[in-house]
Amino acid sequence: MNQLILEWLEAGQPRSQTIQDQQPSKHPGTVRIGRDPSRCDIVLTHPTVSGLHVEIFFNRQQNNFSLRNLRDTNPPAVDGHRLTVGELPLHPDSRILLGEVELNVVTVSVTTSGVAPTVIASPPAAIPAFHSPAKPVKPAISPTVPPNASYGLECPCCHRISPYERLDLGCPWCGTSLAAAVSVVMPN
């Protein structure tokens, strides 16, 4: 069975999710990640994560797991490189940055036509340790996004940008819910 294991911090708590090839999901053949629970299989609550941000799928031609960008704005970064279009393969120790949330690929297991799975994992010393909430870790930001960049929410109806404080209140211009709004990097 082909599978990939992700780890990340959510509200200071360590989280882990196993993704398997052909697992049931809201969009068959992929596992979607974002802030909107109606469209995503893995829901991240941080406001810098877009409503529907990325999807992970098993690429049968290349026999590996890949990540596909689903955003024109607020693109993900994989191993420090912005993925504005297309997809990239994932490997053990791959770092995925969605807004300010970092997900780490811990293990990748892939079968090759009738052969037992090959488990690819980092040595224990290389697996990133989660830090206690008392010692917050500043997320790595891709060089293409300024370190002091601020994020906003683009209203799905009127397309105006609101600050994250409006997430639970809705768009101040048209009143539309911002729960599934796109996260965008705001110019300084």
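The largest nonpolar core of this predicted model has 24 residues, and Leu6, Leu44, Ile56 and Ile96 touch the most other members. A nonpolar core here is a set of buried Ala, Val, Leu, Ile, Met, Phe, Trp, Tyr and Cys residues joined through side-chain atoms within 4.5 Å. Buried means under 20% relative accessible area, exposed means over 50%, and partly exposed lies in between (1.4 Å probe, protein chains only).

Which strands supply this core? At least two residues each come from strand S1 (3–10), S3, S5, S6, strand S10 (95–98) and strand S11 (101–110). S11 gives the most, with five residues. Strands (E, at least two residues) and helices (H or I, at least four residues) are DSSP runs, numbered from the N terminus.

Ile96 is a good residue to look at in the 3D view. Leaving out residues up to four places away in sequence, Ile96 touches Leu6, Ile56, Leu67, Ala77, Leu90, Val101, Glu102, Leu103 and Val105. Contact means heavy atoms within 4.5 Å.
Apart from the largest core lies another core, of seven residues, including Cys155, Tyr164, Cys171 and Ala181.

Before going on, a word about how to read the model. Residues are numbered from 1 along each chain as its sequence is written, and side-chain values use heavy atoms, with hydrogens and water left out. Because this is a predicted model, local features need pLDDT of at least 70 and side-chain atom pairs count only at pLDDT 80 or more, while totals for chains, interfaces and linings use all residues.

**Salt bridges**

Now for the charged side chains. How many salt bridges does a search of the whole structure find? The search finds six. A salt bridge is a side-chain nitrogen of Lys or Arg within 4 Å of a carboxyl oxygen of Asp or Glu. Here are three pairs:

| Salt bridge | N to O distance |
|---|---|
| Arg32 and Glu55 | 2.9 Å |
| Arg39 and Asp36 | 2.9 Å |
| Glu102 and Arg95 | 3.0 Å |

Salt bridges that share partners join Arg32, Glu55, Arg68 and Glu87 into one network.

Let us take the pair of Arg32 and Glu55, whose side chains meet in a salt bridge. This pair links distant parts of the chain: Arg32 is in strand S3 (residues 30–34) and Glu55 in strand S5 (residues 54–59), 23 residues apart. Are these two residues buried or exposed? Arg32 counts as buried because its relative accessibility is 16%, and Glu55 is buried too, with a relative accessible area of 3%.

In the pair of Arg39 and Asp36, Arg39 counts as partly exposed at 32% relative accessibility, whereas Asp36 is buried at 9%. In the third pair, Glu102 is partly exposed, with a relative accessible area of 24%, and Arg95 is partly exposed at 31%. Glu102 also appears in the core story, as one of the residues that Ile96 touches.

**A sheet of three strands**

In what order do the strands of the open three-stranded sheet come? The order is S14-S13-S15, with antiparallel pairing. Strand S14 (161–162) and strand S15 (182–186) are the edge strands, each pairing on one side only. Two strands pair if DSSP finds at least two bridges between them. Strand S13 (residues 150–154) and S14 run antiparallel and are joined by two bridges. To find one of these bridges, look for Glu154, whose bridge partner in S14 is Ile161.

**Two loop residues with positive phi**

Most residues other than glycine have a negative phi. Asn63 is not a glycine, yet has a positive phi of about 55 degrees. Asn63 sits in the loop between S5 and strand S6 (64–69) and counts as partly exposed at 29% relative accessibility. Asp79, also not a glycine, has a positive phi of about 55 degrees. Asp79 lies in the loop between strand S7 (77–78) and strand S8 (81–82), and is partly exposed with a relative accessible area of 36%.

**An enclosed space**

Rolling a probe the size of a water molecule over the atoms shows where empty space is left. The structure holds one cavity of 30 Å³ or more, and the largest cavity has a volume of about 80 Å³. On a 1 Å grid over the protein atoms alone, a cavity is a set of points where a 1.4 Å probe fits but cannot get out, and lining residues have an atom within 4 Å of a point. Grid points are joined across faces, edges and corners, and a volume is the space filled by probe spheres set on the points.

The lining of the largest cavity includes Ile19, Gln20, Val31, Ile56, Phe57, Phe58 and Phe65. S5 gives the most to this lining, with three residues.

Notes: On a 1 Å grid over the protein atoms alone, a cavity is a set of points where a 1.4 Å probe fits but cannot get out, and a pocket is an open set with protein on both sides within 12 Å along at least five of seven lines; lining residues have an atom within 4 Å of a point.
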